[in-house]
Amino acid sequence: MTQFEQSLYNILAVIPKGKLCSYGQLAKQCGYPNHARHVGKTLSKLPKDTKLPWFRVINAQGKISLTGDSFLRQKERLATEGIEVNEQGKIVNFRHYLW
DNA sequence: GATGTGACGCCAC
DNA sequence: CGTGGCGCCACAT
């Protein structure tokens with residue numbers, strides 16, 4: 001477990017329900033600016049039964065970066081928190097950024 | 001080392 | 001808006 005991963009999980013765990021944040025913001029919060037890519041890489045390796053709110057992480061364009069089934073799963077998880085996502089993965093009601 | 005590949009970001013056009 | 005280019009970092013070839 002790297003320091004980066006440790007920090008990432010800690011930050012991610014405190015993102016409140018109904019709030020969002022981008023990969024870049026997360027990396028920065030961890031103290032590792034410019035590591036947005038690594039955030040995605042790390043999240044992709046989380047177990048499917050993780051309790052961490054990985055679905056509250058979107059890209060800097062306010063869209064879901066996943067595709068196929070994963071895309072649909074994240075879309076649904078967000079929907080249950082009152083966050084609407086259109087067919088293109090774009091967040092409709094954009095006012096839930098945490099930072 | 002060199003190269004290719006991502007759940008990315010930013011700036012220009 | 002959509003695209004393209006370049007920067008960035010870890011990891012597998």
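## A tour from the aromatic pairs to the DNA

Start by selecting Trp 54 and Phe 55: both residues are buried. Keep in mind as you click around that this is a predicted model. Show the two side chains as sticks and look at how the rings meet. Trp 54 and Phe 55 make an edge-to-face aromatic pair, with 5.7 Å from centre to centre and 80° between the planes.

How many aromatic pairs are there to find? The count comes to 3. For another of them, move on to Phe 94 and Tyr 97, again an edge-to-face pair, with centres 5.2 Å apart and planes at 65°. Are these two buried or partly exposed? Phe 94 has 35% relative accessibility, and because buried means under 20%, Phe 94 counts as partly exposed. Tyr 97, at 26% relative accessibility, counts as partly exposed too.

Now over to the DNA. Select DNA strand B and bring up the residues around it, 13 in total. Which of them come nearest? Look for Tyr 23, Arg 37, Asn 59, Ala 60 and Ser 65. Colour this surface by class and you should get 6 nonpolar, 6 polar and 1 charged residues.

Next, zoom in on some individual contacts with strand B:

- Ser 65: a polar atom of the side chain sits 2.6 Å from a phosphate oxygen of DNA strand B.
- Ala 60: here a backbone N or O atom is the one to pick, 2.7 Å from a phosphate oxygen of DNA strand B.
- Leu 43: again go for the backbone, where an N or O atom lies 3.3 Å from a base nitrogen of DNA strand B.

Zoom back out and switch to cartoon. Helix 2 (23–29) and helix 3 (36–43) are the elements giving two or more residues to the surface near DNA strand B. Helix 3 gives the most, with 4 residues. If you select the atoms of DNA strand B within 4 Å of the protein, 40% of them belong to sugar or phosphate, and the rest are base atoms.

Last stop: DNA strand C. Which residues surround this strand? Pick out Asn 34, His 35, Arg 37 and His 38. On the DNA side, sugar and phosphate make up 83% of the strand C atoms that come within 4 Å of the protein. By class, the surface near DNA strand C has 3 polar and 1 charged residues, and no nonpolar ones. Before you close the viewer, leave Arg 37 selected: Arg 37 is among the residues that come nearest to DNA strand B, and Arg 37 is also one of those surrounding DNA strand C.

Notes
Residues numbered from 1 in each chain as written. Chains lettered and ligands numbered in written order. Predicted model: local features only at pLDDT ≥ 70, side-chain atom pairs only at ≥ 80, totals over all residues. Heavy atoms only, no water. Near = heavy atom within 4 Å. Polar contact = N/O pair within 3.5 Å; in protein donor to acceptor, adjacent residues only side chain to side chain. Nonpolar A, V, L, I, M, F, W, Y, C, P; charged D, E, K, R; others polar. Phe/Tyr/Trp six-rings, centres within 6.5 Å; stacked < 30°, edge-to-face > 60°. Buried < 20%, exposed > 50% of the residue type's maximum accessible area, 1.4 Å probe, protein only.
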